[in-house]
Amino acid sequence: MSKVVFENLTKVYSNGFKAVHGINLEIEDGEFLVVIGPSGCAKSTTLRMLAGLESVTGGSISIGGKVVNGLPPKDRGIAMVFQNYALYPHMSVRENLGFGLKLAKVSKADIEKQVNEAAELLELTPLLDRLPRQLSGGQAQRVAVGRAIVKRPQVFLFDEPLSNLDAKLRASMRVRISDLHKTLKKTNRSATSVYVTHDQTEAMTMGDRICVMKDGHIMQVDTPANLYKYPKNLFVAGFIGAPEMNMVETRLDRTGEGKCHLALSSQMLGLPDEKLQKVLTNFTEDVVFGIRPEFIKLADENSPQDEIIRGTIVRMENMGAEFYVHFTVEDRELCTRIPADVVEAKLLDAIGKEQLFHFEMNNGHIFSKATEINISL
Amino acid sequence: MMNKVFPNKAALSADLKNNPMLRAEIRKQRVGASIRYIILLFFGLVMLYPLFWMFSAAFKPNHEIFSSLSLWPKEFSLDGFINGWNTGTEYTFGRFFLNTLYYVVPKVILTVISSVIVAYGFARFEIPFKKFWFVTLVATILLPTSVLLIPQYLMFREMGMLDSYLPLYLPMAFATQGFFVFMLIQFLRGLPTDMEEAAQIDGCNSYQLLWYIVVPMLKPAIISVALFQFMWSVNDFLGPLIYISSVEKYPIALALKLSIDVTEGTQWNEILAMASIAIVPSIVVFLIAQNYFVEGISSGGVKG
């Protein structure tokens, strides 16, 4: 069992700055949890507290049912992969991998065996006798991961491990780490992982669950799909997804017999019944309407009348398979993603021209402007 | 230098033919470089002249040293070396060499060990009133050594350590040379702490951290410290002069002075010959350690 539990975890620095505001979180045994947030949201601080590199001001951290607040890092059963690899520059790859075991007074034969095993798993065998400075970034990062694996920890900690790599390498390392997690899980080894990143692609593709943080608070913890589909608040909605969700400050108008309309400038959008019921229970007038670009389509004859908006196309970005089409509805700019073939068929020379768009309101979100909470869930 | 600006020689010569601007540019650079080199060479020679003079005078007979300006000896003689080595005392110069090592080696070792430990403490641990202690440390660098001479002498006299090498190296066991501590602290502050954190997670305690991680990364700085301490200690005249009274314990610095005191006229060629030999260890040590100066050992582990 290597379940990690944060209970009311708080961090206040000696200068009085409150970095972490009493967070509660449970990370299941074997789970791959990604912690994501903008810089300064205390995601790294939280991870470092879990590692024991940073003291805990309040609350508790437990690993495998045991409170570890006062334990030094080496007694917590953790291994950590750092952003800049943190390989020991004067030791060969082999020594780097085996250093933790050597300190734990494991016999030489066992060290050799475990190092070789990890090296094989990460295809490091030909590099074992090199020094860190003779490795490329990707290789160095693999050694850093290997160093963690060799220790057979209860919990793996990753602190933005891929942000020093170039985009291509990052993509392949992403897959590698995910696969590794699965392999470890399959072989019944502890594989609970906490992965801190600011890259949402990593978060979406790697995490069993994602924890979104902001200013030392947890905004939402959920699976990538749920986080994307059902953001609990404005911050999560805006943070996850590229291109960003369209957000429009607007008014929610009750229009008799339990009907509601959203005013998008002078045009109106109706709410489907399902959304309506939820919105009415938390009704507030000043709202932010959010809709992801892929849920805005070109309107056709099947589009419901109260989901159509007239806009003027101002810009089109060619992304290869699709276009990001930016359009304005009077003073507001919105963005939609349209497949390249549709653009070629219907939108050639469309810049500056008017166009009808279908807003799929079932997939839209309505946030209270005051509380920033999603009232349409 | 030229190659840096125009890496491709073939292209360069082709360009040269039909581009007068380029030709002028190159000539300008060449003239500039020549002027720079001439100036550097001149000052280099001015600074090296005393050294050359010392070497050449060591091979001259005594009467020629002050009578001719030429650096090349008219009468080549090894007498200076032979007589100088035998010295006017019952010991050979080799004895004084060894004497020097007897206190310089412990001095260097103690300096390195104590300075590294103190610097590690300053750079990596939270100590109460750390700022105050650090300012105090820096203040000791500014303190003239001569201020301490008398109290220190009295102290070592009370401890019965006069006429031994202990007063020369014992203080070094307590990181008394603030300059070295300061230098190491600055170096440590520049090192990323990630590796130390990784080692902590790997199971190092503070001492293992120091030995396995910090010391290897500090190697270039440690070598610099050792080198400075070695050269300064070999050159030290005042320390041995104050504490060493018997000739059999004299280090090189005092032994050279010994020959000057002789009443019937100084054998300058002997002194200069021995002085020439005396600087050999410093030069050799410097040449050996010089490579490590340049080696940025931590760079490999830090960036990809």
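Two residues are in contact if their C-beta atoms, placed from the backbone, lie within 7 Å. The model shown is predicted.

**Figure 1. The contact between chain A and chain B.** Chain A supplies 26 residues to this contact, and chain B supplies 21 residues. On the chain B side, the elements giving two or more residues are α11 (194-202), α12 (206-235) and α17 (299-302). The most comes from α11(B), with seven residues. By class, the chain B side that touches chain A has 10 nonpolar, eight polar and three charged residues. For the model, ipTM is 0.84 and pTM is 0.81.

**Figure 2. The end of chain B that includes α17(B).** Helix α17(B) has the lowest mean pLDDT among the elements of chain B, at 35. Over residues 296-304 of chain B, pLDDT stays under 50. The model still has 27 contacts beyond four places in sequence for that stretch. Where pLDDT is low, the predicted coordinates should not be read in detail. Recall that α17(B) is one of the elements on the side of chain B that touches chain A. Elsewhere the scores differ: helix α6 (residues 93-124) of chain B has the highest mean among the elements of that chain, at 93. Chain B as a whole averages a pLDDT of 85, and 89% of its residues score at least 70.

**Figure 3. The two domains of chain B where they meet.** The domain assignment gives domain 1 as 2-82 and domain 2 as 85-302 in chain B. Domain 1 of chain B puts 12 residues into the contact, and domain 2 of chain B puts in 10 residues. On the domain 1 side, α3 (20-58), α4 (62-65) and α5 (79-86) of chain B each give two or more residues. That side divides into eight nonpolar, two polar and two charged residues.

**Figure 4. Helix α15(B) and its neighbours.** Helix α15 of chain B spans residues 268-278. Its buried residues are N269(B), E270(B), I271(B), L272(B), A273(B), M274(B) and A278(B). They pack against α3, α4, α5, α6 and α14 (252-260) of chain B. Of these partners, α3(B), α4(B) and α5(B) also appear on the domain 1 side of the contact with domain 2.

**Figure 5. The six-stranded sheet of chain A.** An open sheet of six strands runs in the order β6-β7-β8-β3-β9-β10, with mixed pairing. Its edge strands are β6 (78-81) and β10 (217-222) of chain A, each paired on one side only. From one strand to the next, the twist averages 20°. Inside the sheet, β7 (residues 155-159) and β8 (residues 192-197) of chain A run parallel and are joined by five bridges. One bridge in this pair matches F158(A) with Y195(A) in β8(A). Helix α4 (residues 137-150) of chain A lies across β6 and β7 of chain A. The helix runs at about 180° to β6(A).

**Figure 6. Strand β11(A) and its two partners.** Strand β11 (residues 246-254) of chain A runs antiparallel to β14 (residues 286-291) of chain A, and six bridges join the two. Here T250(A) stands opposite V287(A) of β14(A). Strand β11(A) also pairs with β12 (residues 260-264) of chain A, over three bridges and again in the antiparallel sense. In this second pairing, L252(A) has L262(A) of β12(A) as its bridge partner. In a regular strand the side chains alternate between the two faces of the sheet.

How values were computed. Residues numbered from 1 in each chain as written. Chains lettered and ligands numbered in written order. Predicted model: local features only at pLDDT ≥ 70, side-chain atom pairs only at ≥ 80, totals over all residues. Pairing = 2+ DSSP bridges. Helix = DSSP H or I, 4+ residues; strand = E, 2+ residues; numbered from the N terminus. Axes fitted to C-alpha atoms, helices over the stretch in contact; angles between N-to-C directions. Nonpolar A, V, L, I, M, F, W, Y, C, P; charged D, E, K, R; others polar. Domains from an automatic or database assignment. pLDDT = per-residue confidence, 0-100. Buried ≥ 20, exposed ≤ 12 C-beta atoms within 10 Å, placed from the backbone.
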